[in-house]
Amino acid sequence: MAPAPPPRAGSRACRGVTVWIRAVQLVLLANAVPAFFVLTALPGRTDDLFVWTVKPDASAQLLAAMYGNAAILTLLTLGRKAWGEIRVAFVVITFFAFAATIVTFFHLDPFLAHPRYFFVYWLVNYFFLFFLTPFVFFGEERARGGRLPVDMPLPRAPAVLACLACLAAGIAMFVGPPHVNDVWPWAMTPLVARIIGVWLTALGLAFAWAVWDGDVVRARPILWQALPTAVLLGIVPLVHRGDVTGGAAHWILFAALLAGLVVAGVSGLRARAPAAHATAPASSR
């Protein structure tokens with residue numbers, strides 16, 4: 001009997017996911033889906049249906065895009081069983097959960113203006129992710145992550161472009177009003193700007209992680225989310241034209257962000273997994 005083939009160098013990344021990974025994904029999905037539908041269908045009713053009052057409606061729709069992106073990333077990774085194919089999404093989740101929770105405590109007034117149960121709901125969800133997600137991410141990386149073998153090289157230029165666009169927009173948002181309102185199509189409050197800034201920065205870091213990892217198959221979740229996220233962002237000024245202000249200079253950052261996401265999304269759709277025959281032993285050809 002022939003001896004069993006040795007395990008591949010990256011086989012530690014191919015073990016099944018843990019219950020904690022699934023717990024993070026399911027909690028995120030349970031939080032993101034209702035928020036997405038409320039902010040999309042009823043953006044003008046955040047004063048009684050959301051955890052804080054969001055004005056103008058375009059900003060509510062922008063938050064809906066953020067929650068929609070969270071749901072898309074979760075769904076893209078929910079059925080995957082290898083940590084290597086999930087971890088790029090956890091870069092987004094880990095940074096966002098940590099930074100958004102901190103931002104919350106610097107902007108308590110909008111939360112406290114609503115009934116306390118809204119704020120308790122927000123804190124329970126975010127504290128759960130704040131503590132559990134870094135534990136899961138660093139634990140899984142230590143056990144099954146690190147530099148894994150590259151089966152199909154990632155086209156780096158589109159991912160780098162998306163990374164720079166997301167980081168530029170994210171940092172500008174985090175700096176906050178009044179500065180970002182000079183380079184964005186509609187005015188945003190500090191809380192909305194900084195929450196969106198955290199989200200876009202998290203996406204930028206995930207694109208940077210994909211470039212570092214270098215494998216297009218493992219990068220697929222962050223690449224495949226890019227086009228639907230660009231659509232969710234692009235429809236905001238179309239649906240809420242009355243909230244749009246300013247001239248052409250206000251669109252530069254918005255246009256750059258959309259362009260970066262579209263280019264990355266197209267590159268993800270064009271990338272294909274290695275053909276089965278390409279990895280077959282030479283003697284079998």
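Reader: How are H7 and H11 oriented relative to each other, roughly parallel or roughly antiparallel?

Author: In this predicted model, H7 and H11 are roughly antiparallel to each other. Two packed helices are described by the angle between their axes and by the distance between those axes. Here helix H7, residues 156-175, packs against helix H11, residues 252-270, at an angle of about 150° and with 8 Å between the axes. Because angles over 145 degrees count as roughly antiparallel, the pair falls into that class. The crossing of H7 and H11 is, in addition, left-handed.

Reader: Which residues in H7 and H11 meet?

Author: From H7 the contact takes in Pro158, Leu161, Ala162, Ala165, Cys166, Ala168, Ala169 and Ala172, and these meet Leu253, Ala256, Leu257, Gly260, Leu261, Val263, Ala264 and Ser267 in H11. Sorted by class, the residues of this contact comprise 14 nonpolar and two polar ones, with no charged residue among them.

Reader: At what angle do H3 and H10 pack, and how far apart are their axes?

Author: The same two quantities are read again: helix H3 (residues 57-78) and helix H10 (residues 226-239) pack at about 170°, their axes lying 9 Å apart. H3 and H10 are therefore roughly antiparallel to each other as well. On the H3 side the contact involves Ala58, Gln61, Leu62, Ala65, Gly68, Asn69 and Ile72, which meet Pro228, Thr229, Leu232, Leu233 and Val236 in H10. This contact of H3 with H10 has eight nonpolar and four polar residues, and again no charged ones.

Reader: Turning to single residues, is Asp213 buried or exposed?

Author: Burial is read from relative accessible area, and a residue under 20% counts as buried. Asp213, which is found in helix H8, residues 190-213, has 6% relative accessibility and so counts as buried.

Reader: What does the side chain of Asp213 make a polar contact with?

Author: Its partner is the side chain of Arg218, at 2.9 Å. When neighbours within four places in sequence are left aside, Asp213 is in contact with Arg87 and Val150 as well as with Arg218.

Reader: Where does Val91 lie, and which residues does Val91 touch?

Author: Val91 lies in helix H4, residues 87-104, and with a relative accessible area of 10% this valine is buried. Not counting residues up to four places away in sequence, Val91 touches Phe137, Leu205, Ala206 and Trp209. A distance between C-alpha atoms can be set beside the separation along the chain: Val91 and Ala208 are 117 residues apart in sequence, while their C-alpha atoms are separated by 9.9 Å.

Note on methods: Residues are numbered from 1 along each chain as its sequence is written. This is a predicted model: local features need pLDDT of at least 70, side-chain atom pairs count only at pLDDT 80 or more; totals for chains, interfaces and linings use all residues. Side-chain values use heavy atoms; hydrogens and water are left out. Axes are lines fitted to C-alpha atoms, for helices over the stretch in contact, and angles run from 0 to 180 degrees between N-to-C directions. Helices (H or I, at least four residues) and strands (E, at least two) are DSSP runs, numbered from the N terminus. Angles under 35 degrees count as roughly parallel, over 145 as roughly antiparallel, 65 to 115 as roughly perpendicular and the rest as oblique. A crossing is left-handed if the near helix is turned anticlockwise from the far one by less than a right angle, and right-handed if clockwise. Contact means heavy atoms within 4.5 Å. Ala, Val, Leu, Ile, Met, Phe, Trp, Tyr, Cys and Pro count as nonpolar, Asp, Glu, Lys and Arg as charged, and the others, Gly among them, as polar. Buried means under 20% relative accessible area, exposed over 50%, partly exposed in between (1.4 Å probe, protein chains only). A polar contact is a pair of N or O atoms within 3.5 Å; within protein, one must be able to donate a hydrogen and the other to accept it, and residues adjacent in sequence count only if both atoms are side-chain atoms.
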